[in-house]
Amino acid sequence: MRSLIVVESMFGNTRAVADAVADGLASAGPVTVLDLADAPPAPHVDVDLLVVGAPTHAFSLSRPNTRHAAEQQGAQHRDRGLREWLANLSPCLPGTFATAFTTRIPKKFVPGSAAKAATRRLERHGYRAAAPPEDFFVLDTAGPLRAGELERATAWGQRLAASVPDRPLKGEAR
Ligand SMILES: Cc1cc2nc3c(=O)[nH]c(=O)nc-3n(C[C@H](O)[C@H](O)[C@H](O)COP(=O)(O)O)c2cc1C
């Protein structure tokens with residue numbers, strides 16, 4: 001199984017989670033982790049599993065104004081986020097699986113998750129859900145990640161690896 005993880009990260013926490021998910025997926029086959037800053041703007045994805053990750057900003061995927069606010073708090077400059085990348089994504093090849101994760105602050109009664117917003121967009125492009133969207137937690141805006149989150153991310157990657165069936169041989173229906 002070939003997997004691609006595309007990750008948006010401004011302070012580095014979501015990127016660390018992406019690398020931990022990749023460790024979990026690696027048992028099932030090759031995994032590429034692509035920083036959104038280096039990803040092609042109009043992507044054509046040809047893998048068995050696409051995983052996208054992004055920080056939750058203002059209850060959803062980041063926007064130019066929230067990225068600017070993050071930058072004001074010391075984050076790296078980013079011209080675009082997962083919202084823009086997903087808007088330009090080509091329709092998926094039939095039977096391609098996908099899922100999404102986010103990092104966010106574990107505040108009770110604060111709704112919204114970039115992973116849920118990304119999942120809705122993946123569904124619109126025709127991707128099949130490999131797993132429900134998953135949230136990983138940071139203790140503050142710039143991090144750090146809550147203790148145990150990287151281990152949880154690797155375990156999530158392992159479960160993903162086990163849940164996606166191998167791509168069928170040519171001519172065989174999935
Ligand atoms: C402008 C801005 C808005 C944010 N809004 C939310 C929010 O609505 N809910 C939440 O749980 N965390 C929110 N956060 C915290 C981010 O989720 C946190 O900065 C992120 O997980 C860090 O990931 P990164 O290190 O990959 O950038 C916000 C952060 C910023 C900078």
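Colleague: How many nonpolar, polar and charged residues does the shell around the ligand have?

Modeller: This is a predicted model, in which local features need pLDDT of at least 70, side-chain atom pairs count only at pLDDT 80 or more, and totals for chains, interfaces and linings use all residues. Residues are numbered from 1 along each chain as its sequence is written. With Ala, Val, Leu, Ile, Met, Phe, Trp, Tyr, Cys and Pro as nonpolar, Asp, Glu, Lys and Arg as charged, and the others, Gly among them, as polar, the shell has 11 nonpolar, 12 polar and 1 charged residues.

Colleague: Which element gives the largest share of the shell around the ligand?

Modeller: A residue is near the ligand if its C-beta atom, placed from the backbone, lies within 6 Å of it; 24 residues surround the ligand, Ser 9 and Arg 104 being among the closest. Elements are DSSP runs numbered from the N terminus, helices (H or I) of at least four residues and strands (E) of at least two. Two or more residues each come from helix 1, strand 4 and helix 2 (64–72). The largest share, 3 residues, belongs to helix 2.

Colleague: Why does the radius of gyration of the protein agree with a compact globule?

Modeller: The radius is taken over C-alpha atoms, and the globule rule is 2.2 Å times the number of residues to the power 0.38. The C-alpha atoms fill a box of roughly 50 × 35 × 30 Å along the principal axes. The values agree because a compact globule of 174 residues would have a radius near 16 Å, and the protein has 15 Å.
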